[in-house]
Amino acid sequence: MVGAVSLALEKLAALESLSESLEEGVEEEPAAPPLSPYRFMDHVRTVTTAFMLGGRLEGARLVRIIEDYGFSDTLWARVILWFDGLVFYIYAKPYVDVGDIDVLVDEAGEIAEKLGEEQVVPVAAAYEYSYDAERYAKSIEVEIVRLGH
């Protein structure tokens, strides 16, 4: 019986040693660094430039660009690209959920009234979207753009 107990203890010690060596070999994924306001602004401007160039390639005359950036609790940006007969309204945040899509649509409607433009295209720009936000945006014809790509 003593031999069986010592054999069981040897097996247990070998298993513990194996599990410790496996834990040592596993590397934890480093945490993502906080998002820099400058990087966020750069990504929003890249999206803005893409829409501006697209409009110009289609022959639209650019009337005005209005940009507004904020850095309170979270980073955010609003950009109005105003062409003759067409306005792109870009609403950008690092993460967008369904509530943000509702805000974007409401603000796009207000801009259409103020500018007297019939066609205001709402554009959501974010690094990540909630699953429901993506589905909802597509169902109400809100354009979706991924920042940083």
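A residue counts as buried here when its relative accessible area is under 20%, and as exposed when that area is over 50%. By that cut-off, 34% of the 149 residues of the protein chain are buried. The model on screen is a predicted one.

**Whole chain**

Start with the whole protein chain shown as a cartoon. Four helices and seven strands make up its secondary structure. Walking along the sequence, you meet them in the pattern α-α-β-β-β-β-α-β-β-α-β. Switch to a surface view: the chain exposes about 10,100 Å², and 54% of that comes from carbon and sulfur atoms. For contacts between residues at least 6 apart in sequence, 52% join residues at least 24 apart.

**The sheet**

Next, select strands β1, β2, β3, β5 and β7. These five strands form an open sheet in that order, with mixed pairing. Its edges are β1 (62–71) and β7, each of which pairs on one side only. From one strand to the next, the twist averages 15 degrees.

Narrow the selection to β2 (residues 75–83) and β3 (residues 86–92), which pair in the antiparallel sense over seven bridges. Within this pair, look for Arg78, which stands opposite Tyr91 in β3.

Now add helix α2. This helix packs on the sheet and touches β1, β2, β3, β5 and β7. The direction of α2 makes about 15 degrees with that of β2.

**Aromatic pairs**

Show the side chains of the aromatic residues. How many aromatic pairs does a search of the whole structure find? The search finds three. One of them joins Phe40 and Tyr127, with 6.5 Å from centre to centre and 50 degrees between the planes, a tilted arrangement. Phe40 sits in helix α2 (residues 37–57) and Tyr127 in the loop between β5 (120–126) and β6 (128–129), so this pair ties together parts that are 87 residues apart in sequence. Phe40 is buried, at a relative accessible area of 0%.

Move on to Phe83 and Phe88. Their ring centres are 6.2 Å apart and their planes stand at 90 degrees, so this pair is edge-to-face. Phe83 is buried, with 0% relative accessible area, and Phe88 also counts as buried, at 12%. Add Phe51 to the selection: Phe51, Phe83 and Phe88 form one aromatic cluster.

**His43**

Return to helix α2 and pick His43, which has its place there. Is His43 buried or exposed? At 17% relative accessibility, His43 counts as buried because the cut-off for that class is under 20%. Leaving aside neighbours within four places in sequence, His43 is in contact with Tyr127, Leu147 and Gly148.

**Lys93**

Select Lys93, in the loop between β3 and β4 (95–96). Lys93 counts as buried, at 16% relative accessibility. Display what surrounds this lysine: not counting residues up to four places away in sequence, Lys93 touches Phe40, Thr74, Leu75, Trp76, Asp100, Ala125, Ala126, Tyr127 and Leu147. Phe40 and Tyr127, the tilted aromatic pair, are thus both on the contact list of Lys93.

**Tyr129**

From Lys93, go to Tyr129. The two C-alpha atoms are 9.7 Å apart in space, while the residues are 36 apart in sequence. Tyr129 lies in strand β6 and counts as buried, at 9% relative accessibility.

Which residues is Tyr129 in contact with, leaving aside its neighbours within four places in sequence? They are Tyr95, Val96, Ala124, Glu134, Ile144, Val145 and Arg146. Zoom in on the side chain of Tyr129 and turn on distances to the backbone. A polar atom of this side chain lies 2.7 Å from the backbone oxygen of Val145. The backbone nitrogen of Ala126 is 3.2 Å from a polar atom of the Tyr129 side chain.

**Glu141**

The last stop is Glu141, in the loop between α4 (131–139) and β7 (143–146). What is the phi of Glu141 near? Its value is near 60 degrees, which is positive in a residue other than glycine. For comparison, most residues other than glycine have a negative phi. Glu141 counts as exposed, at 67% relative accessibility.

Notes: Residues are numbered from 1 along each chain as its sequence is written. This is a predicted model: local features need pLDDT of at least 70, side-chain atom pairs count only at pLDDT 80 or more; totals for chains, interfaces and linings use all residues. Side-chain values use heavy atoms; hydrogens and water are left out. Helices (H or I, at least four residues) and strands (E, at least two) are DSSP runs, numbered from the N terminus. Buried means under 20% relative accessible area, exposed over 50%, partly exposed in between (1.4 Å probe, protein chains only). Rings of Phe, Tyr and Trp (its six-membered ring) pair if their centres lie within 6.5 Å; planes under 30 degrees apart count as stacked, over 60 as edge-to-face and the rest as tilted. Contact means heavy atoms within 4.5 Å. A polar contact is a pair of N or O atoms within 3.5 Å; within protein, one must be able to donate a hydrogen and the other to accept it, and residues adjacent in sequence count only if both atoms are side-chain atoms. Two strands pair if DSSP finds at least two bridges between them. Axes are lines fitted to C-alpha atoms, for helices over the stretch in contact, and angles run from 0 to 180 degrees between N-to-C directions. Accessible areas come from the Shrake-Rupley method with a 1.4 Å probe; for residues, only the protein chains shown count as cover.
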